[in-house]
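Colleague: Got a minute to walk me through this model? I'd like to go piece by piece.

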Amino acid sequence: MKKLFFTLLISIGLFFVSNAQLGVRAGLNLASFTTKAGGLSINSDSKIGFHVGVTNDLKFTDNLTFRPGLLYSAKGGKFSIDILGQTETVEASYSYLDIPLSFIYNFTKEESGFFAEAGPYVGFLLSAKSEDEDIKEDFNSLDFGLNIGLGYDLGNIVIGANYGLGLANIAKTEDGDDVTATNKNISAYAIYQF
């Protein structure tokens, strides 16, 4: 039984590798976050960042593709605060190792055309800074959420944009605290596929 299971796993793995199309992805992030505390909700202003990494397209049918990725992603946000009539901007910068697991629906069966994408993502916090101060200990190391987007496949080059809605509370809190913080991110990207 173990040999059969092992053979089945190897066969499935070889099928996916033989049908896979590797790609290099890079693009811009327009990141922000929402903080909620005591019934009050505050949205940060957007911060421009970038992401870079690899993707792997696994075609299920002519219209359906699974595209996992491994991305370094710079996120964060900024607040403008009035202190005694002076406006001060506080900026937070986070870097994540993101793993998007996108399902792609191609609107045509041709090699090029429009597509829609949706799927979950998981992010692992690498660093968190505010005004050059390390604030990583104030944040949970795991983020997760949903990505949705649209794009156009040109063959070896794919261009697209998606919206990432964070569902995890990234703020580290004590028991009884009602403080939550969630990431939001708009990405524009290009993928070069081999």
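Modeller: Sure, one cut-off to start: buried means under 20% relative accessible area, exposed means over 50%, and partly exposed is in between (1.4 Å probe, protein chains only). Also, this is a predicted model, where local features need pLDDT of at least 70, side-chain atom pairs count only at pLDDT 80 or more, and totals for chains, interfaces and linings use all residues. Residues are numbered from 1 along each chain as its sequence is written, and side-chain values use heavy atoms, with hydrogens and water left out.

Colleague: Which pattern does the chain follow along the sequence?

Modeller: Helices (H or I, at least four residues) and strands (E, at least two) are DSSP runs, numbered from the N terminus. By that count the chain has 1 helix and 10 strands. Along the sequence they come in the order α-β-β-β-β-β-β-β-β-β-β.

Colleague: And what share of the residues counts as buried?

Modeller: The chain has 194 residues in total. The part of them that counts as buried is 37%.

Colleague: On to the salt bridges: how many does the structure hold?

Modeller: The test is a side-chain nitrogen of Lys or Arg within 4 Å of a carboxyl oxygen of Asp or Glu. Among the pairs that pass is Glu91 with Lys47, at 3.7 Å from N to O. Glu91 sits in strand 5 (residues 86-106) and Lys47 in strand 3 (residues 47-59), so this pair links distant parts of the chain, 44 residues apart. The number of salt bridges in the structure is 3.

Colleague: Is Lys47 buried or exposed?

Modeller: Its partner Glu91 is partly exposed, because its relative accessibility is 32%. Lys47 has a relative accessibility of 14%, so Lys47 counts as buried.

Colleague: What is the N to O distance between Arg67 and Asp57?

Modeller: Arg67 lies in strand 4 (residues 64-83) and Asp57 in strand 3, so the salt bridge ties together parts that are 10 residues apart in sequence. Arg67 is buried, and Asp57 is too. From N to O, their side chains meet at 2.6 Å.

Colleague: How many residues apart are Asp98 and Lys75?

Modeller: The side chains of Asp98 and Lys75 meet in a salt bridge of 3.0 Å, N to O. Asp98 is in strand 5 and Lys75 is in strand 4, and the pair links distant parts of the chain. Both residues are buried. Their separation in sequence is 23 residues.

Colleague: How far apart in space are the C-alpha atoms of Phe50 and Ser73?

Modeller: Phe50 belongs to strand 3, and it is partly exposed, because its relative accessibility is 40%. Phe50 and Ser73 are 23 residues apart in sequence. C-alpha to C-alpha, the distance is 6.0 Å.

Colleague: Now strand 9: over how many bridges does it pair with strand 8?

Modeller: Two strands pair if DSSP finds at least two bridges between them. Strand 8 and strand 9 form a hairpin with 3 residues between them, and Gly155 in the turn has a positive phi of about 110 degrees. Ile148 stands opposite Tyr163 in strand 9. The pairing is antiparallel, and the bridge count is 9.

Colleague: Which residue in strand 10 stands opposite Gly164?

Modeller: Strand 9 and strand 10 (residues 180-193) run antiparallel, joined by 9 bridges. In strand 9 (residues 157-166) the side chains alternate: Val158, Gly160, Asn162, Gly164 and Gly166 point to one face and are buried, while Ile157, Ile159, Ala161, Tyr163 and Leu165 point to the other and are not. Opposite Gly164, in strand 10, stands Asn185.

Colleague: What is the relative accessibility of Asp132?

Modeller: Most residues other than glycine have a negative phi. Glu131, not a glycine, has a positive phi of about 50 degrees, and phi of Asp132 is near 65 degrees. Glu131 is in the loop between strand 6 (113-130) and strand 7, and Glu131 counts as exposed because its relative accessibility is 52%. Asp132 is found in that loop too, and it counts as exposed because its relative accessibility is 77%.

Colleague: Last one: what is the relative accessible area of Asp138?

Modeller: Asp138 is in the loop between strand 7 (133-134) and strand 8 (142-153). With Glu133, Asp134 and Glu137, Asp138 gathers in a surface patch of negative charge (residues with over 30% relative accessible area and no salt bridge, like charges joined within 9 Å, nonpolar side chains (Val, Leu, Ile, Met, Phe, Trp, Tyr) within 5 Å). Asp138 is partly exposed, because its relative accessible area is 41%.

Key:
Accessible areas come from the Shrake-Rupley method with a 1.4 Å probe; for residues, only the protein chains shown count as cover. Lys and Arg count as positive and Asp and Glu as negative; His and the chain ends are not counted. The place of a charge is taken as NZ of Lys, CZ of Arg, CG of Asp or CD of Glu.
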